[in-house]
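Trainee: Could you take me closely through one part of this model, the packing around a single helix, and explain the terms as you go?

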Amino acid sequence: MTRSYDYFIVGGGIIGSSIAMSLSDLGASGIAVLDCDLSGKWGSSERNAGGVRVTWDTPVNIALSKSSIDYYEGVAAEVGFRQKGYLWLSEASAWSQVLKRMDLWERSGCEVFLLTPSEITAKFPFLDRLDGVAGAVFSPKDGLINPNLLKTHYRRRIPSDVIDWIDHQVIDRVDLGEGGICSVRLRQVASEDTVEAFLRRHELPLESEQEDIRVGTFINAAGAWAPEVARLYDREIPTNPIRRQVAVLHCQEADLSPYGMMVDTSGLYFHHEAGNLLAGYAVPSEATGYHFAYEGENYFMTEIWPRLAARSTSFDRLKLIGGWAGLYGVSPDHHAIIGPVSGLKNTFEAHSFSGHGVMQSYAAGRALAEVILQGDYQGIDLSVLSGQRFQSGQLLSEEMLI
Ligand SMILES: Cc1cc2nc3c(=O)[nH]c(=O)nc-3n(C[C@H](O)[C@H](O)[C@H](O)COP(=O)(O)OP(=O)(O)OC[C@H]3O[C@@H](n4cnc5c(N)ncnc54)[C@H](O)[C@@H]3O)c2cc1C
C-alpha cells in the first residue's frame, strides 16, 4: 500500500465536505475525501432547492437546523444565505397540530409566527387564492442558501496540507482488521460515462486501475448511495434513493424576489431563483431507485401548475423554462442516520438526510467530527440518530416533510 490516511471519508458532497472541515477545525490531519464525481454532477448537493428552516417536528431536527443557521449567518454573503423567511400554509384539519408545534418551537427558542389568512395576503399579496387555508407558519430567520457556495466554503476552509481530495475513483472493497475497517480498495472511473454507469446502475468497468489504501477511521457519507457503500462492510441500511424533480418557471405577473421559501397545503414548494421561479412537489407514488429522468412538460402540467394556479392569479400564466431531477436518500423515519457504526471500530456514518441535508450540513458535520475526535457529542447530542434505532425500534416521527 502506497498511501494511508487517518480519516477516510467516502462522499464529497455537502455532508462529506462539512465533516472534513470540522475534522480539520478540531485539529485533525491526514484526511482524505473520496468521490467518483467530486464536481457533484449527480450528487444531491448540486440538485436541491436550497431551503433552510427550523420548523420541524423533532427536537433533533430543530437543533441541527438552528445550530447550522447560526453558522450560516456568520458567513451569509459567502454562502448566499438569504434570510427571507419560510412560509408554510396550513389547512384547518392540520391547525391543532400547528399549535402544538408552536409550543415546541417557542421552547426551542425559534422565531416563528402564526399568520391568519388576511395577514398572509397582506404580507404575500400575490397569494390571492387562499381557499381551504386556515393560516400559516412563518419563520423570518429561515430562507434560502446557495448549496454550491456552501459546499465550496466547507472545502476551501480546509488547509491543503491536511487533506487529499480523491476524484474519479470509487470504493470497491473494504478489508477488516482488529474489529474495524483497516484498508480500502479504490477503482478508477476515469470517464464521465463510467461515473454515470456506476452512480446510476452500479456498473464498474471490467478492467480499471486499482489501489489499496490503509485507513485509520472510515466515514460513510455517500448520500443516497450510502447503502451500497455499507454493503461492502456487511451492513444493511434501510434507506432508499428516491427521485425528486424540480421545475424552473418564468412568471411575468409577480416578482417573488423579496420572499423566501413557500410551501402550499398540498406539499408543493416554490421560491424565487435567479429571476425565475423554482417549484417542486414530491410525488407520493415515486418508485425507489437511482432514477434521474426529468419529466419536463408532463411533470409541470400534472404536478406543478395546477397547485400553483390554485394559490394565485399571478400563476395562471407561467412559462416552463427547464428543470432537473435528483435523489433524496430517505430513511424509514425521515431522519438522518449519523454516528458510529455499531460493531465496527473506527467506522462512522452520516447520510440518509431524507431531503434536508443542506440545511443541516454544518451541525451534522461538526457533531460527527466531535464524536470521532473527542469520543462523544460535545454540542448537539445526535445519539437518537444512530443507525441502531432501526434494530431497537426507537424510530423518530417527522411530518413537516416536502
Ligand atoms: C430536488 C431536491 C430538493 C432538495 N431540497 C432541499 C432543500 O431545500 N434543503 C435541504 O436542506 N436539502 C434539500 N435536498 C436534500 C439535499 O440535497 C441532500 O440531503 C444533501 O445534498 C445530501 O448531501 P450528501 O453529501 O449526503 O449527498 P451527495 O451530495 O449526493 O454526495 C454523495 C457523494 O457520494 C459520492 N459517492 C457515492 N457512492 C460512491 C462510491 N462508492 N465511491 C465514491 N464516491 C461515491 C457521489 O458521487 C456523491 O457526490 C433536496 C434534494 C433534492 C434531490
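Mentor: What follows is a look at helix H10 and the two helices described against it.

This is a predicted model, in which local features need pLDDT of at least 70, side-chain atom pairs count only at pLDDT 80 or more, and totals for chains, interfaces and linings use all residues. Residues are numbered from 1 along each chain as its sequence is written, and side-chain values use heavy atoms, with hydrogens and water left out.

Helices here are DSSP runs of H or I with at least four residues, numbered from the N terminus. The axes of H1 (residues 14–25) and H10 (residues 361–374) come within 8 Å and cross at roughly 50°, an axis being a line fitted to C-alpha atoms over the stretch in contact, with angles running from 0 to 180 degrees between N-to-C directions. H1 and H10 are therefore oblique to each other, given that angles under 35 degrees count as roughly parallel, over 145 as roughly antiparallel, 65 to 115 as roughly perpendicular and the rest as oblique. Their contact (heavy atoms within 4.5 Å) involves, among others, Ile15, Ile19 and Leu23 of H1 and Tyr362, Leu368 and Ile372 of H10.

Turning to H2 (residues 59–74), its axis comes within 7 Å of that of H10, and the two cross at roughly 105°, which makes H2 roughly perpendicular to H10. Leu64, Ser67, Ser68, Tyr71 and Tyr72 of H2 meet Ser361, Tyr362, Ala363 and Ala364 of H10 in this contact. Six nonpolar, three polar and no charged residues take part, where Ala, Val, Leu, Ile, Met, Phe, Trp, Tyr, Cys and Pro count as nonpolar, Asp, Glu, Lys and Arg as charged, and the others, Gly among them, as polar.
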